[in-house]
Amino acid sequence: MMKKFSFFLFTLNILIPKYKKIALKTGAHLLLFCCFLMIWSSCCKNQEFVRHTIVNTSLSLPKSMVVKKERAKDSQVYSINAGDKRIGYIYYGDYKSFEEDSFFITDDKELYEKYKNRELKAYFSKNTERDSKNGIYNVNYYYYDTINKHRAQVMMPKKMNKGFIGIHFDSVDIHKNKMAIIVNDLSEENKELFFKIFKTIKINSIQH
């Protein structure tokens, strides 16, 4: 009995340091992760934002971003620039709501073979109505949100390297002008940032 007990203590003495090492290593990783979150949060809080006005609408963007008016015929267009990189656009005027019309879904194999590699791409499905309704082949997700009492269509990419980040207002004044923001830089940082920016949009809808 004493031999068994001694063996148990010997085993325990071997195992305890191993658990301690694992615990210390896990604790160190957790501490580093917490430090990273604190630094990231601090950077976000300290980031200075500037308010930009587009006709009767306005939004806040980081001070590091520049909004520049571009030449356009049917609507007003502004580019959003970060350093020397153009990351998106703001549209005001006649701009349609978001939809994906660069492909179609078919159960016709001949039609699928004809168009599968073209610009208007075809996807083959045995249940076209269901797949179309559920947006199976869409590049982006879409949903509606209320931004400062105005209904907006929000767009976000399904994958990191494909699609767009965007928001669309169907009517922003008495003339039924639309407003849209589309961002093509799909970094995770920009996804988080622009969803916050969208929440800052304000519309003075009573303006003539």
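Q: Which residue in β12 stands opposite Ser-58?
A: It is Lys-202 that faces Ser-58 there. Labels such as β12 are DSSP runs numbered from the N terminus: helices are H or I runs of at least four residues, and strands are E runs of at least two. Before we go on, this is a predicted model, in which local features need pLDDT of at least 70 and side-chain atom pairs count only at pLDDT 80 or more, while totals for chains, interfaces and linings use all residues. Residues are numbered from 1 along each chain as its sequence is written, and side-chain values use heavy atoms, with hydrogens and water left out.

Q: In what order do the strands of the open sheet lie?
A: In general, strands of a sheet pair through backbone hydrogen bonds, either parallel or antiparallel. Two strands are called paired if DSSP finds at least two bridges between them. Here the order is β1-β2-β12, with antiparallel pairing. β1 (49–54) and β12 (202–203) are the edge strands with a single partner each, so each has one side without a neighbour in the sheet. Between β2 and β12 there are two bridges.

Q: Which helix packs on the sheet, and which strands does the helix touch?
A: Contact means heavy atoms within 4.5 Å. By that test α4 packs on the sheet and touches β1 and β2. For angles, lines are fitted to C-alpha atoms (for helices, over the stretch in contact), and the angle between N-to-C directions runs from 0 to 180 degrees. The direction of α4 makes about 150 degrees with that of β2.

Q: How many residues of β10 are buried?
A: Buried means under 20% relative accessible area, exposed over 50%, and partly exposed in between, using a 1.4 Å probe and protein chains only. Five of the five residues of β10 are buried, so this strand is largely enclosed by the rest of the structure. Ile-165, Ile-167 and Phe-169 point one way, while Gly-166 and His-168 point the other way. β10 runs antiparallel to β9, with three bridges, and antiparallel to β11, with five. Val-154 has Ile-167 as its bridge partner in β10, and Phe-169 has Met-179 in β11.

Q: Which backbone oxygen lies 2.9 Å from a polar atom of the His-168 side chain?
A: A polar contact is a pair of N or O atoms within 3.5 Å; within protein, one must be able to donate a hydrogen and the other to accept it, and residues adjacent in sequence count only if both atoms are side-chain atoms. For His-168, the oxygen belongs to Tyr-95. His-168 is buried, at 2% relative accessibility.

Q: How many residues are in the largest nonpolar core?
A: A nonpolar core is a set of buried Ala, Val, Leu, Ile, Met, Phe, Trp, Tyr and Cys residues joined through side-chain atoms within 4.5 Å. The largest one has 26 residues, and those with the most contacts inside it include Ile-90, Phe-169 and Phe-194. Among the elements that each supply at least two residues are β5 (85–93), β10 (165–169) and α4 (188–198). α4 gives the largest share, four residues. Another core, of six residues, lies apart and includes Val-77 and Phe-98.

Q: Where does Ile-87 lie?
A: Ile-87 is part of strand β5. Its C-alpha atom is separated by 5.3 Å from that of Asp-185, 98 residues apart along the chain. Ile-87 is buried, at 2% relative accessibility, and its contacts include Ile-80, Asp-185 and Phe-194.

Key: Lists of a residue's contacts leave out its neighbours within four places in sequence.
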